[in-house]
Amino acid sequence: MKPTMAPFLRKGKGILLAYDQGLEHGPSKDFNEKSVDPEYILEIAAKGKFTGLIFQKGVAEKYYDGKTPLVIKVNGKTSLPKGEPIASQICSVKQAKALGAKAVGYTIYLGSAHENLMLQEFGRIQQEAHETGLAAIAWIYPRGEAVPNDTAPEIIAYAARAGLEAGADAVKIKYTGDSETFKWAVKSAGAAKVFMSGGPKAPTDDAFLKQVKGVIDAGGTGLAVGRNVWQHDRPLEMAAALREIIFNGQTVETALKKFSR
Ligand code: FBP
């Protein structure tokens with residue numbers, strides 16, 4: 001049977017906790033004394049009732065505790081090189097499966113001068129994943145000189161559609177800025193589930209929760225989020241607020257009541 005995103009869903013929705021920023025951005029940019037420790041993230045994932053956890057293979061090998069369904073990111077890059085972005089495969093599908101993953105994640109920088117290589121590699125990985133019983137999630141980030149605005153509604157819808165056509169079971173895309181235009185991206189993704197990528201920590205809880213509500217109102221499946229949770233001084237309260245909107249269909253006002261201050 002074809003693998004699906006079912007292991008990562010509750011009531012058809014999902015919240016994935018992303019923690020591959022150590023490779024993507026470097027520890028000094030994103031982490032503090034607490035969040036540099038993968039054990040802290042595992043605790044947030046379990047106590048915050050996340051439906052999935054995203055690690056690179058090295059962190060998974062040394063820390064994964066089996067409590068939250070695992071996605072292994074199988075490609076990646078650092079922030080050090082200049083020029084057109086490309087992320088290469090650094091973990092096999094077989095190894096991801098052996099580490100306990102139920103899905104693999106792969107970033108495609110759509111519009112990059114190297115997009116052909118990433119589309120080709122994702123095609124092979126998606127096939128291997130499905131043959132191995134794993135779902136394939138595509139982070140589709142339009143980026144590079146050809147992409148002046150990486151959150152323009154038409155470019156986000158293009159990203160969503162490219163994911164569907166490339167065979168992704170789910171796409172992780174950025175928010176367009178409003179629910180109405182995000183709806184078109186969700187529609188364009190067809191049967192591929194749509195997860196919004198969290199992005200840098202928002203200035204206020206209210207601002208972030210409004211984006212999440214916009215995604216859910218647009219028919220999105222949920223969120224794949226890192227910094228807005230584990231950089232928060234009350235990550236479990238943020239997780240509870242997210243659950244209110246994503247699984248219980250609550251308003252931002254109701255979700256904000258989950259914060260104790
Ligand atoms: P965040 O919620 O912290 O943005 O995490 C989502 C994510 O896609 C991570 O998986 C990845 O490390 C990071 O964003 C990539 O960020 P960038 O946009 O800088 O490439």
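**Pockets and the ligand site**

The second largest pocket of this predicted model has a lining that splits into 3 nonpolar, 2 polar and 4 charged residues. Much of that lining comes as a run: K77, T78, P81, K82, G83, E84, P85 and I86 are among the residues involved, and R143 also takes part. The space inside the second largest pocket comes to about 170 Å³.

The largest pocket holds about 440 Å³ of space. It is lined by 24 residues, and E24, H25, Y141, R143 and R227 sit closest to its centre. R143 thus turns up in the lining of the second largest pocket as well as among the residues closest to the centre of the largest one. As for secondary structure, helix α1 (21-24) and strand β10 (222-225) each put at least two residues into the lining of the largest pocket. By residue class, that lining breaks down into 9 charged, 8 polar and 7 nonpolar members.

The ligand takes up the space of the largest pocket. Around the ligand there are 16 residues, and the ones that come nearest are D20, H25, Y141, K172 and R227. Three of these names, H25, Y141 and R227, also appear in the group closest to the pocket centre. The shell around the ligand is made up of 6 charged, 6 polar and 4 nonpolar residues.

Several side chains reach oxygen atoms of the ligand. For Y141, a polar side-chain atom lies 2.4 Å from a ligand oxygen. In D20, an N or O atom of the side chain is 2.7 Å from an oxygen atom of the ligand, and for W139 the distance from a polar side-chain atom to a ligand oxygen is 3.1 Å. On its own the ligand would expose 470 Å², and the protein buries 92% of that area.

Conventions
Residues are numbered from 1 along each chain as its sequence is written. This is a predicted model: local features need pLDDT of at least 70, side-chain atom pairs count only at pLDDT 80 or more; totals for chains, interfaces and linings use all residues. Side-chain values use heavy atoms; hydrogens and water are left out. A residue is near a molecule or strand if one of its heavy atoms lies within 4 Å of it. A polar contact is a pair of N or O atoms within 3.5 Å; within protein, one must be able to donate a hydrogen and the other to accept it, and residues adjacent in sequence count only if both atoms are side-chain atoms. Accessible areas come from the Shrake-Rupley method with a 1.4 Å probe; for residues, only the protein chains shown count as cover. On a 1 Å grid over the protein atoms alone, a cavity is a set of points where a 1.4 Å probe fits but cannot get out, and a pocket is an open set with protein on both sides within 12 Å along at least five of seven lines; lining residues have an atom within 4 Å of a point. A molecule sits in a cavity or pocket if more than half of its atoms lie within 2 Å of its grid points. Ala, Val, Leu, Ile, Met, Phe, Trp, Tyr, Cys and Pro count as nonpolar, Asp, Glu, Lys and Arg as charged, and the others, Gly among them, as polar. Grid points are joined across faces, edges and corners, and a volume is the space filled by probe spheres set on the points. Helices (H or I, at least four residues) and strands (E, at least two) are DSSP runs, numbered from the N terminus.
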